[in-house]
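Me: Hi! I have a structure to look through before lunch. Could you walk me through it?
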Amino acid sequence: MKALCLFLMLVGASAFASGCDLTLATYIYTQTNGTQTTRNYYQYLPASHNSTLWVMLHPTTTSLCPFDEGPMKALADQNHFIVVWPISTVSPISGSYYWEAYDLCYIWVPTGCNATTLGPDDSGFIASLIGDRTGYYGLNTVYVTGMSSGAFMAHRVAFEHQGLVQAVGAASGQVEAWNPKLETIPKLPTLTSSPTVLMLNGDNDNVVVYCGQPNGTGWGNSDFPSSDVSLKYWANNMTCQPASPQLCTSAGVPTPNLYQVHCQNVAFVREPNVCHTWVPGTESVMWTFFTTGVLPPPPPPNRGLAQPSDPTCLH
């Protein structure tokens, strides 16, 4: 577990290392139990903006610089949307910043969370920040995206605040995680709305394993579901191409030659040979799918070239 935590910290730190030139802002959020907390975020405002807010959620990290800052600012300038980067809290397990994904409250509150005893309440914080920014700037379209623990968190914000988020982008993150020693697999909320959702996962990812991670080996000694679980949750009986897709075989390995599934406004992209990393250009792939519904032709061109030379993926 210590090695995994260190690995996650290094992944985040490398992604945050360059181009940090925005000013960290504070946001006072009142939790549902009445407790006021001070949280942090970054914001980028292009020269002119439309009605869209893009919320980018960082992976596990030890740095506070905005994730994917340069490409996101360039994309925002080109397409005139506002970007905010909320910041998570420090995990008591690893000492690094990561998100309270569904259902990881026990990491912060070992006795369990309830209406009066909350963990970081990241879902509530992000939803409140979205409400504040959209109200201030007169925005009506919200995209929430993330990498790794940020991808898990993007899922959670969307299904816990249905109707608030119009599109979700999750790179290397499933819909939930849980500690098998403390609880059964948590039931996900019933969907009453259908946001656009794009999920991407490397089939060589040894941190958020493509076909699931059992035996309590995820962060916080948690289990992760397979990619099939996340796809089926969001697709929610939609018509898919190919029909009745199975991303993983009964042996628990990626289905050969199946690189993407498109279910109306929900899609999953398999990144061949890619490890636990944000492939350059992912934000543009997400933007294109969010605004046009178009995916790159399978297999995704050049994405596999971004894999590290280290075969164990420790980068």
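**Helix contacts first**

Reply: Happy to! This is a predicted model, and a good place to begin is the contact between two helices: D122, S123, I126 and I130 in α3 meet M153, R156, V157 and E160 in α4.

Me: What classes do the residues of that contact divide into?
Reply: The contact of α3 with α4 has 4 nonpolar, 1 polar and 3 charged residues.

Me: And at what angle do α3 and α4 pack?
Reply: About 70°, with the axes 9 Å apart. Here α3 covers residues 122-137 and α4 covers residues 149-160. Angles of 65 to 115 degrees count as roughly perpendicular, so α3 and α4 are roughly perpendicular to each other.

Me: Is the crossing left-handed or right-handed?
Reply: The crossing of α3 and α4 is right-handed.

Me: Cool. What about α2 and α6, how do they pack?
Reply: α2 and α6 (residues 282-292) pack at an angle of about 35°, with their axes 9 Å apart. On the α2 side, P71, M72, L75 and N79 make the contact, and on the α6 side E283, S284 and W287 do. By class, that contact has 4 nonpolar, 2 polar and 1 charged residues.

Me: Switching topic: which residues does N265 touch?
Reply: Leaving out residues up to four places away in sequence, N265 touches S194, P195, T196, V197, M238 and F289. With S194 there is a polar contact too: the backbone oxygen of S194 lies 3.0 Å from a polar atom of the N265 side chain.

Me: Where does N265 lie?
Reply: N265 lies in the loop between β12 (260-263) and β13 (266-271).

Me: Let's do backbone oddities. Which residues does a cis peptide bond join?
Reply: One joins Y102 and D103, with omega about 15°. D103 is in the loop between β6 (97-98) and α3. The peptide bond from Q241 to P242 is also cis, with omega near 0°, and P242 is found in the loop between α5 (227-235) and β12.

Me: And what is phi of D68?
Reply: Near 55°, which is a positive value in a residue other than glycine. D68 lies in the loop between β3 (52-57) and α2 (69-79). For context, most residues other than glycine have a negative phi, and most peptide bonds are trans.

Me: Last thing. What pLDDT does the protein average?
Reply: The average is 86, and 89% of the residues score at least 70. Over residues 1-19, though, the pLDDT is below 50, and this stretch has 47 contacts in the model beyond near neighbours in sequence. Residues 301-315 also have a pLDDT below 50, with 28 contacts in the model beyond near neighbours in sequence.

Me: Great, thanks for the tour!

Notes
Residues numbered from 1 in each chain as written. Predicted model: local features only at pLDDT ≥ 70, side-chain atom pairs only at ≥ 80, totals over all residues. Heavy atoms only, no water. Helix = DSSP H or I, 4+ residues; strand = E, 2+ residues; numbered from the N terminus. Polar contact = N/O pair within 3.5 Å; in protein donor to acceptor, adjacent residues only side chain to side chain. Contact = heavy atoms within 4.5 Å. pLDDT = per-residue confidence, 0-100. Axes fitted to C-alpha atoms, helices over the stretch in contact; angles between N-to-C directions. Parallel < 35°, antiparallel > 145°, perpendicular 65-115°, else oblique. Left-handed = near helix turned anticlockwise from the far one by under 90°. Nonpolar A, V, L, I, M, F, W, Y, C, P; charged D, E, K, R; others polar.
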